[in-house]
Structure formats: structure tokens, C-alpha cells
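Me: Please take a close look at one residue and the piece of chain around it. After that, place it in the wider model, including the nucleic acid.

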Amino acid sequence: MPNYNPRAVEPKWQQYWETRKTFRCPDPDAPEVAGKPKIYILDMFPYPSGAGLHVGHPEGYTATDILARFRRMRGYHVMHPIGWDAFGLPAEQYAIKNNVHPRITTQANITNFRRQIKSLGFSYDWDREVDTTDPEYVKWTQWIFLELYDTWYDHAAKKGRSISELPIPAEVASQGEAAVAKYRDSKRLAFQANNPVNWCPGLGTVLANEEVIDGKSEVGGFPVERRPLRQWILRITEYAERLLDDLEPLDWSESIKTMQKNWIGKSIGAEVEFRISGRDACVMVFTTRPDTLYGATYMVLSPEHPLLEGITTPEQKAAVTAYQEAASRKSDFERTEMAKTKTGVFTGAFAVNPVNGKDIPIWIADYVLAGYGTGAIMAVPGHDERDFEFAKQFGLPIQVVVTPTPEWLKKTKSTTDDLKVAYCEEGVACNSGPLDGLPTAEAKEKIIADLQAKGLGTRKVNYKLRDWLFSRQRYWGEPFPILHEVDAEGNRTGVIEPLTAADLPLRLPELEDFKPTGSPEGPLVKAQDWVKVTRNGKTYQRETNTMPQWAGSCWYYLRYLDPKNPNAFCDPAKVKHWLPVDLYVGGAEHAVLHLLYSRFWHKVLFDRGHVPCPEPFHRLVNQGLILGETEWTGFARTQTTEAAARNFVDVTGDEWLSAKDVSFDGSSATTKGKNPAALSLVKLPEDQVEKQGESFVLKAKPDIRVDARAFKMSKSRGNVVNPDTVVNQYGADSLRLYEMFMGPLEAMKPWNMRGVEGVYRFLSRVWRLIIDDTAETPTLHPSVQDVPPDAETLKLLHKAIKKVTEDTEGLRFNTGIAAMMEFTNHLTAKVEVRPLSTLKTFVLLLAPYAPHVAEEFWEVLGNSNTLAYEPWPVYDESLVREDEIELPVQINGKVKAKLLVPADADAATLEKMALADPKVLEQLAGKPVRKVIAKPRQMVSIVI
RNA sequence: GCCGGAGUGGCGGAAUGGCAGACGCGGUGGACUCAAAAUCCACUAUCUGUAAUGGAUGUGUGGGUUCAAGUCCCUCCUCCGGCACCA
């Protein structure tokens with residue numbers, strides 16, 4: 001084997017690791033791990049799609065694998081598992097289209113993903129592989145659901161407790177068993193409700209709020225409408241405060257924490273009671289600005305508000321009903337589309353402003369949401385943008401109760417009597433009776449105290465977070481372990497019977513046809529034999545909804561720790577040893593959904609005593625998106641083929657349009673202006689464009705600007721890079737190295753095949769340093785000899801150890817690789833006889849990054865065992881230190897000379913040396929020195 | 001609109017407030033070769049000057065702090081991500 005050939009090296013070591021179970025992770029009680037510190041390094045497990053792996057997957061997986069291998073060599077007991085998030089819509093959509101059972105496609109996809117992942121040489125413990133669709137896994141997903149079902153939230157204790165410990169109020173208890181059961185059901189964390197939900201006809205299922213983007217389904221982009229349906233819901237809102245508070249100490253990026261905070265959306269304010277004028281009824285409103293209560297000139301209820309029925313005057317009835325109907329018919333999409341102008345209708349009723357006794361009109365409008373706060377607001381048009389807009393629209397009075405600053409009035413061209421926009425900032429209260437002169441914060445405190453004293457209001461906290469809609473009308477998901485009792489006529493009685501742990505797993509029934517029914521029952525209703533259950537003489541129907549895809553991924557990090565346990569989701573001793581996850585790496589697309597849901601489940605499990613810590617993931621890192629190769633796009637007026645376009649470049653004429661005159665969204669382009677005309681996109685080869693100033697232009701026609709960007713990889717654009725291709729051409733080690741060398745892990749970066757070639761060349765260079773390329777089989781190069789390294793090589797080696805160690809630890813893999821390249825360049829260029837010991841150390845540094853070829857080197861260097869558990873090299877501080885260093889000398893802030901000085905020279909010495917330097921003297925030209933700043937080991941700065 | 005993050009050579013990127021551009025790609029020249037590929041060596045921010053260990057400019061824009069700013073502060077611009085009637 002003369003040359004570096006990854007296709008020979010890589011399968012050899014993959015097989016070695018597999019047959020010897022090199023990366024088997026022993027359980028905590030195994031003697032060989034006694035005394036070793038633990039580290040749990042977790043990847044977000046993939047959804048095995050039919051398209052196979054793309055190069056984005058191995059980015060995070062390589063990062064964690066490097067760290068896992070590195071920590072093993074540093075003596076850690078490393079947990080590094082992988083599995084499959086295999087339930088979900090895509091498999092089912094595919095199954096419907098091609099009439100194949102989702103289990104078959106799912107298994108085929110898993111097989112392909114496993115092959116691809118194994119071909120990249122990740123050091124997973126394959127004995128711990130989990131698959132969320134495996135009945136033995138589903139069993140415990142269902143078990144956790146039952147645990148949620150069995151839990152209520154005790155606000156006094158601030159924790160979830162067993163439903164058996166729920167105190168039953170005497171008046172409920174006195175009404176008998178059925179009332180008690182109903183009361184319990186109303187407190188469970190998993191409950192059923194008949195609420196308006198996001199129904200997606202295109203997918204035939206309901207979706208969680210989080211799965212709806214701009215009124216369309218996140219998967220498939222189908223329109224979504226509001227419909228009231230019976231659904232399973234998880235009371236995540238009970239945990240809102242803890243989900244928010246516990247975020248603080250986590251080692252997560254600020255942006256993800258902020259996204260979660262915003263999603264939870266805590267706001268502090270007050271709830272205020274408004275009496276309905278002339279009636280014995282009240283409306284509660286929530287406000288974050290109780291200090292503006294004197295400025296409340298009208299009220300708005302949401303169209304769904306229950307009080308409307310009672311308060312609407314006969315004259316307004318028709319208008320109100322019509323508005324309600326229109327609002328209910330509107331899909332979310334239409335609601336956002338129509339949001340440009342405010343709509344609403346007067347109810348005819350008036351409320352009394354509790355602070356000044358004034359009658360204010362009550363309106364309904366769909367800008368007030370039924371699901372937030374109390375579904376009703378006091379409108380303060382002077383100090384709220386939305387209320388201001390509405391008041392302008394319908395000619396309602398605007399009252400200023402917070403004094404705007406003069407600058408603000410000037411900037412907005414307003415006066416206190418005539419606001420042009422709402423003044424939403426804080427300030428000093430005015431026109432507010434006893435609040436006058438108080439700054440906003442104090443005014444809030446005072447008004448809340450006053451209201452509280454009169455029993456008209458109270459301090460209140462609200463959250464944007466809604467309860468989690470947990471059922472889907474689909475086939476390919478976990479069935480609920482729930483039975484509905486039915487009476488003799490076959491109607492549900494409302495009594496619910498959960499399955500017991502012994503009944504689990506509840507498997508999916510076999511179906512011929514798993515198409516959605518379009519009804520809230522879902523396709524499982526077609527399996528009538530499965531649905532009908534008789535036990536203890538009673539008849540039941542199984543729940544025919546299934547759980548959403550998030551269910552399985554909520555707790556998979558727990559199952560890895562004890563994947564085969566038939567008696568528990570995980571042995572408590574193992575959970576205690578491994579949790580929390582020390583490092584969790586995955587895409588930022590899971591910033592809210594998966595991470596919020598699994599934190600919620602974890603907290604419930606924590607409250608119920610199943611896990612030892614309140615948070616599952618101590619450190620979270622999001623790898624950046626990998627884009628396709630940079631594309632240069634020119635815009636031509638005429639329709640043209642790409643081949644013709646090549647010649648087109650050389651053609652003079654005015655067919656080309658400059659990018660600055662074109663609006664381009666990435667897939668199609670038009671001319672700018674009133675009547676946009678479609679343009680033809682011409683993909684240009686790199687050598688036909690050049691940079692001119694800020695932008696790229698056609699080489700042949702430099703006045704034509706060209707669009708240069710890298711796009712997200714997508715099938716339709718045809719810029720997807722398949723890891724298989726890269727592995728075939730350059731090998732897994734090069735792929736791994738390139739993905740890490742591209743730039744910082746968290747940054748978004750474009751792919752470039754030539755970069756892969758660059759790291760391949762680096763590995764080939766190392767190969768030629770160590771291996772005799774004239775021999776038939778891998779043999780040590782004759783220049784490698786058992787001699788001590790020269791002083792310079794030794795120093796550079798220790799510097800490399802230091803840099804690679806620190807950068808690997810800090811996940812700065814790109815600069816770690818650069819350090820290895822630098823050291824290799826030194827060996828190649830400056831060293832004739834290559835010392836064996838130096839190469840051995842260097843190979844260990846390389847091992848976590850390019851493990852296959854490193855194992856091969858290790859073997860050729862005379863070792864018979866894997867290097868996976870070799871001790872990581874340690875650098876010698878005294879060798880890293882320089883004796884003599886070059887320091888710059890600045891004169892008035894500019895570097896004018898360089899000084900070769902002893903590394904430990906102090907400030908006084910440096911100053912003396914600098915002022916004696918001939919170059920410095922020349923620059924000073926006898927001018928007086930005003931000041932000298934000498935920083936040992938850094939620089940000398942002279943001011944004249 | 002609001003909240004995050006980022007703007008550095010032809011490209012990806014590097015730089016505890018202390019010599020901007022490490023490392024890689026690409027490019028130019030050379031060596032090897034009958035030739036090519038591969039490999040090796042040298043150069044490669046811009047302008048200027050080439051007598052050199054020369055000079056000037058330079059990290060999106062404009063200002064500021066400092067002996068010293070890519071790095072800290074303020075203004076604006078652009079790009080990416082998220083949220084978007086949440087009272």
C-alpha cells in the first residue's frame with residue numbers, strides 16, 4: 001500500500017472496533033471504571049429520513065465524537081450513544097403515497113442511516129442504540145405518559161405530586177365517587193379538553209402551536225384552521241415558572257435561552273375588575289400597565305369571550321354575532337393577513353372604570369386573543385400602539401396619563417392633546433388623580449395596593465406559553481395507554497381507565513390502510529378489533545389518537561443509560577451516575593420545541609422521584625448550518641440554457657442585467673419597478689466572475705453585477721452533498737477533519753469540495769512522514785528512527801500538544817487542526833530524520849480527529865493495541881516557554897521597530913533596551929520622550 | 001417593528017485591548033518529469049517603491065475612549081436566526 005488509501009484503512013479499523021467492542025461503555029458498577037470521572041456526551045439523534053444523511057448531520061456528530069475520544073484518552077468514563085427518532089409524519093406520508101407500511105420504510109431508513117453513520121467511524125456504544133418505534137421503547141414512553149396522567153401540580157409545594165395525594169374539597173367529596181374522579185381529572189397534567197385547536201386538513205391532523213408557522217403547517221406547509229376538537233393536552237404551563245427560572249444556570253447559548261424565555265413569555269402586571277354598567281356582572285382584564293388605568297377609555301373583549309352573550313344590547317346583537325361568526329371562520333393565516341387594519345364592533349354595553357367611575361364603551365375585536373390573560377383588555381390608546389390604532393379607526397377618545405418627554409413629542413410631532421402615535425415608554429403619571437407625579441414603577445405599586453385594598457384588583461403574572469396539545473390523528477405514533485368506557489349504546493361515558501404498567505406496551509394494530517380519516521378519531525379507528533376492549537364486564541374503546549413525534553425524543557437520553565431494562569425506563573443507580581448530560585450538541589431548529597418539551601418531562605420525572613436533577617442538559621451547543629457551495633448567479637433578459645449562457649458571457653449586448661436592478665429571492669428573479677418581468681437565471685462558473693469593490697461582476701462585462709451566495713442545501717436546488725460521496729472519494733477521516741476545519745462549530749458556513757481536498761492532502765502528508773510509500777504493505781518509513789528530537793522539534797511538539805489540548809477541550813476544533821498542520825509542516829520541511837517518539841505523540845493528538853488513519857499509524861509505529869485508551873499527551877510547560885522573544889516597539893501608536901529580548905525581561909529593562917535601539921533613536925530624532933509604556937512579554941510603546 | 005448573532009484578503013477563516021490576515025483553499029513562479037498528474041520549494045491584503053530589514057493605507061459606516069481598538073462605548077448600514085396583535 002504505497003499511498004494513503006482511506007478505502008483500505010477505514011473499513012479495517014471500523015471492523016476492528018466493532019468486533020472488539022472497543023467503545024462499549026461499561027455500566028457504572030464495572031470494576032474497570034472505578035474512580036474514573038464520568039462524562040455524558042449526547043448527540044441529538046436523527047430522524048432517519050429516506051434521503052439519507054446529509055453533511056449537516058456529521059458536523060455535530062464529529063464534534064461530539066472528537067470530544068468523546070479525547071476524554072476517553074484523558075481517563076474519563078464516557079457515555080456516547082446514538083439512536084433513532086423514528087415515529088412521525090414523513091415516514092407516514094411516504095407510506096401513504098407508496099402503500100408501504102411505515103415500519104418497513106422506517107426500518108429500511110434506519111439500516112441506511114446506521115450504515116452511513118458507521119462509515120464515519122464514530123465511537124458510539126452500539127449496544128445502547130435505541131429506536132423510538134421499538135415496542136420495548138414505546139412501552140416506557142407510554143409509562144411516562146401514565147406518570148403524567150397520574151400527576152397534579154401542587155402550587156404550594158411548587159412540584160408535581162401523585163394524583164392520590166390530591167386533597168379533595170369537602171363539597172366535591174360529598175357528591176360521590178364520580179364527582180371525585182371528575183375533580184381529579186380536572187387537575188391531571190395529562191387531560192382531555194374540547195378546545196379550539198390547529199386543525200390541518202392537508203395532513204389530516206391537529207398540530208401544536210409550535211408546529212404552525214405563519215398559519216401553515218411546519219411540515220408540508222399546508223394551511224391550518226381553528227376548530228374545537230377533543231384532544232389530549234399536557235399542562236406544561238404549570239411548569240412555566242420553573243422552566244424559566246432553571247434556564248439561568250444552564251450553560252446554553254444566550255440566544256437559545258432568550259428564545260425559550262420569549263416563548264414562555266412571562267409578563268408581570270395586574271388583574272383588574274371592571275363592573276358592567278347597570279348590571280350585576282364584571283369583566284376581568286389583565287394589564288402590564290396598571291399605572292395607566294386612568295387612561296382606559298374603552299374596553300375590548302375577544303370575540304370568543306363568554307360574557308358577550310349576556311351584555312350585548314339587543315340593537316348591537318346582530319352586528320356582534322356576525323362579527324363573532326366571521327372571526328371564528330377565519331383561519332390563523334387569514335387573521336395574520338388581515339392584521340393590517342383593526343376590526344371590531346361595539347357591544348352596546350358600558351363598563352365602569354374602577355378608578356374614576358366613568359362609563360367606558362365595551363367593544364369586541366379579534367386583536368384581543370381569547371387564550372391570553374383573561375381574553376379581555378382595558379384599552380389605553382394613549383399608551384398602547386394597538387389600542388391607539390383601534391381608537392383612531394373607530395374615533396374613540398384618547399387620554400394621556402403618562403407625560404411624554406419633550407424630545408419624544410418633538411420627534412413624533414405630537415402634543416399632549418394630540419398624539420400622533422401612542423407613547424409606550426415609562427414616565428411620570430398625569431391626569432391620574434392620586435398617581436400624578438409618580439414615576440411608572442411607583443405608580444404601578446400604588447395602584448395595585450389601592451385596588452387590592454378595595455378588592456378590585458390583584459397582582460398577576462401571565463405567560464404566553466400555552467398547554468401542549470399532545471394528540472395527533474395519525475397512525476405512526478405511540479398509542480395512548482387509555483381506555484374510554486362506553487355504555488350499552490356505544491357512547492362514551494366520560495369515564496377513563498388508564499392501562500397499568502403490566503399492560504404495556506400497547507402496540508399499534510396492523511392496518512392495511514393507514515390514511516388519515518379526516519376526522520378527529522384518526523386512522524386507528526379502522527382497527528375495530530383493536531379499539532373494542534372488554535374488561536371486568538365493562539366495555540371500552542381504546543383511545544384512537546396517537547402521540548406526537550416529540551414524545552419519544554423527550555426522554556431518549558435516559559433510555560441509553562439502561563437500554564435493555566425490562567423493569568424500568570432506567571435503573572435509578574444508573575440515572576444517578578450519568579445525569580445530567582454534560583454536553584448536548586444539535587441543530588438550533590430544536591431551540592424551543594424539543595428542548596422545552598424534554599425539560600418539562602424531565603421536571604415531572606424529577607418531581608416524581610425518577611431522576612436526580614431538575615435539568616437534563618447541562619451544556620448545550622448548536623452546530624451551525626452547512627450551506628451548499630457558493631453560487632454565482634447572473635440575470636439575463638432572454639430565456640437561455642446554461643450551455644448557451646456560457647457563450648453569452650462573451651457576447652456583447654444588453655441582455656445582461658446587473659444584480660442591483662434585479663429582485664432575487666433565491667429561486668426566481670424579476671426586474672425591479674412597477675411591471676416586474678421574469679428573468680432567466682444563469683449559473684456562472686467561478687472563473688467568469690471577479691470581485692470589484694463590494695460586489696462580484698462578470699469578468700467579460702464588469703458593469704454587470706452578479707449575485708454571489710451560498711444557499712441552504714436542498715434537493716430542489718440540487719446542492720446537497722451526500723457524505724457517501726465524500727467518504728468514497730476522500731475517506732471518513734477527511735470528511736471529519738474538513739467539517740471541523742471549516743470554521744467555528746456554531747457558525748453557519750458554506751461547503752467547498754476543494755477544502756476537503758486540502759485536509760486530505762494534510763493526511764497524505766502525515767502518511768508520507770510515517771509510512772514507506774515504496775513498500776507493498778504499510779511499513780515504517782526508513783527516515784523514522786528511534787532518536788531523540790532536536791530542541792526546536794521538541795519545543796514545537798509541546799506547543800502543538802498545548803494548543804490541540806486546549807482547543808479540543810474548548811471545542812475550537814478548527815484552530816486545533818491548524819496547529820497539527822503547522823507541526824506537520826515543520827516536520828516535512830525541517831526534519832530529515834523523524835524521531836519515533838515525536839511521531840507517536842503526534843499520532844495521539846490526531847487520533848480523536850482522524851481515528852482510522854491514526855490507528856493505522858499507531859500500528860505501524862509498533863503498537864498492537866488500539867490507541868483509543870492511550871493516555872493523552874501532556875506538555876511540559878518549561879519546553880513551551882520561549883527564552884527570547886521579539887517585541888514590537890511602537891512610537892505614537894505605530895510599530896516602528898522590533899526588539900529581540902529575553903522573555904523574562906522586566907518593564908525597566910525593556911524601556912532601556914527600546915530607548916537604546918538604533919532604529920528607535922533614528923525615529924525619535926532627538927525629540928523628547930513624553931511617556932514610555934513597557935509591558936513585559938507584550939510590547940513597548942513610546943509617546944513623543 | 002422587537003429580541004438575539006454576525007460583518008476581517010479572491011474564498012473558508014485566525015488573532016487574553018498589544019506586530020491584523022495563523023492554518024487551509026485558490027492564484028503566480030520555480031524544481032522534478034519526455035510530458036502530465038502527484039509531490040516539493042518560494043511568493044501571494046491593497047497602493048506605492050523596488051537600493052530594502054522601505055513607505056503609506058487597511059478589519060461594514062461615522063464618531064468616541066486609550067500610549068495602543070478587529071477587539072471596549074455610541075450612531076447608522078447590511079446579512080442570518082427567532083418572535084410578531086401576548087395587553
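Reply: Leaving aside residues up to four places away in sequence, Asn 109 touches Pro 48, Ser 49 and Gly 50; a contact here means heavy atoms within 4.5 Å. This is a predicted model, in which local features need pLDDT of at least 70 and side-chain atom pairs count only at pLDDT 80 or more, while totals for chains, interfaces and linings use all residues. Residues are numbered from 1 along each chain as its sequence is written, chains are lettered from A and ligands numbered from 1 in the order in which they are written, and side-chain values use heavy atoms, with hydrogens and water left out.

Asn 109 belongs to helix H4, residues 102-118. Helices (H or I, at least four residues) and strands (E, at least two) are DSSP runs numbered from the N terminus. With a relative accessible area of 16%, Asn 109 is buried; buried means under 20% relative accessible area, exposed over 50%, and partly exposed in between, using a 1.4 Å probe and protein chains only. Tyr 47 is 62 residues from Asn 109 in sequence, yet their C-alpha atoms are 9.1 Å apart.

Ala 178 gives a contrasting case. This residue is in helix H7, residues 177-185, and its relative accessibility of 62% counts as exposed. Between the C-alpha atoms of Ala 178 and Tyr 760 there are 72 Å, with their positions 582 residues apart along the chain. Helix H27 (residues 836-846) has 9 of its 11 residues buried, so the helix is largely enclosed by the rest of the structure. Among those buried residues are Leu 836, Phe 842, Val 843 and Leu 846.

Next, the chain as a whole. Chain A has 31 helices and 43 strands, and of its 944 residues 52% count as buried. Its C-alpha atoms fill a box of roughly 100 × 85 × 65 Å along the principal axes. About 42400 Å² of chain A is exposed, with carbon and sulfur atoms supplying 51% of that area; the areas come from the Shrake-Rupley method with a 1.4 Å probe, and for residues only the protein chains shown count as cover. Where contacts join residues at least 6 apart in sequence, 70% of them join residues at least 24 apart.

The domain assignment, which is automatic or from a database, splits chain A into domain 1 (36-142 + 554-623), domain 2 (153-239 + 468-542), domain 3 (267-461), domain 4 (631-708), domain 5 (723-877) and domain 6 (882-943). The C-alpha centres of domain 3 and domain 5 are 67 Å apart.

RNA strand B is surrounded by 52 residues, the closest being Ser 267, Thr 288, Arg 386, Lys 898 and Gln 938; a residue is near the strand if one of its heavy atoms lies within 4 Å of it. Of the strand atoms that come within 4 Å of the protein, 66% are sugar and phosphate. The nearby residues divide into 22 nonpolar, 13 polar and 17 charged, where Ala, Val, Leu, Ile, Met, Phe, Trp, Tyr, Cys and Pro count as nonpolar, Asp, Glu, Lys and Arg as charged, and the others, Gly among them, as polar. Helix H26 (residues 813-830) contributes the largest share of this surface, 7 residues.

Some individual atom pairs can be named. A side-chain N or O atom of Tyr 372 is 2.6 Å from a phosphate oxygen of RNA strand B, and a side-chain N or O atom of Lys 894 is 3.2 Å from a phosphate oxygen of the strand. Met 742 uses a backbone N or O atom, 2.6 Å from a sugar or linking oxygen of RNA strand B.

Finally, the backbone geometry. Most residues other than glycine have a negative phi, and most peptide bonds are trans. The bond from Leu 504 to Pro 505 is cis, with omega near 0°, and Pro 505 sits in the loop between strand E23 (492-498) and helix H16 (528-531). The bond from Leu 579 to Pro 580 is cis with omega near -5°; Pro 580 is in the loop between helix H19 (572-578) and strand E26 (583-587). Lys 21, not a glycine, has a positive phi of about 50°. This lysine lies in the loop between helix H1 (6-20) and strand E1 (38-43) and is partly exposed at 44% relative accessible area. Asn 892 also has a positive phi, near 50°, in the loop between strand E40 (884-891) and strand E41 (894-902).

Definitions and conventions
A polar contact is a pair of N or O atoms within 3.5 Å; within protein, one must be able to donate a hydrogen and the other to accept it, and residues adjacent in sequence count only if both atoms are side-chain atoms.
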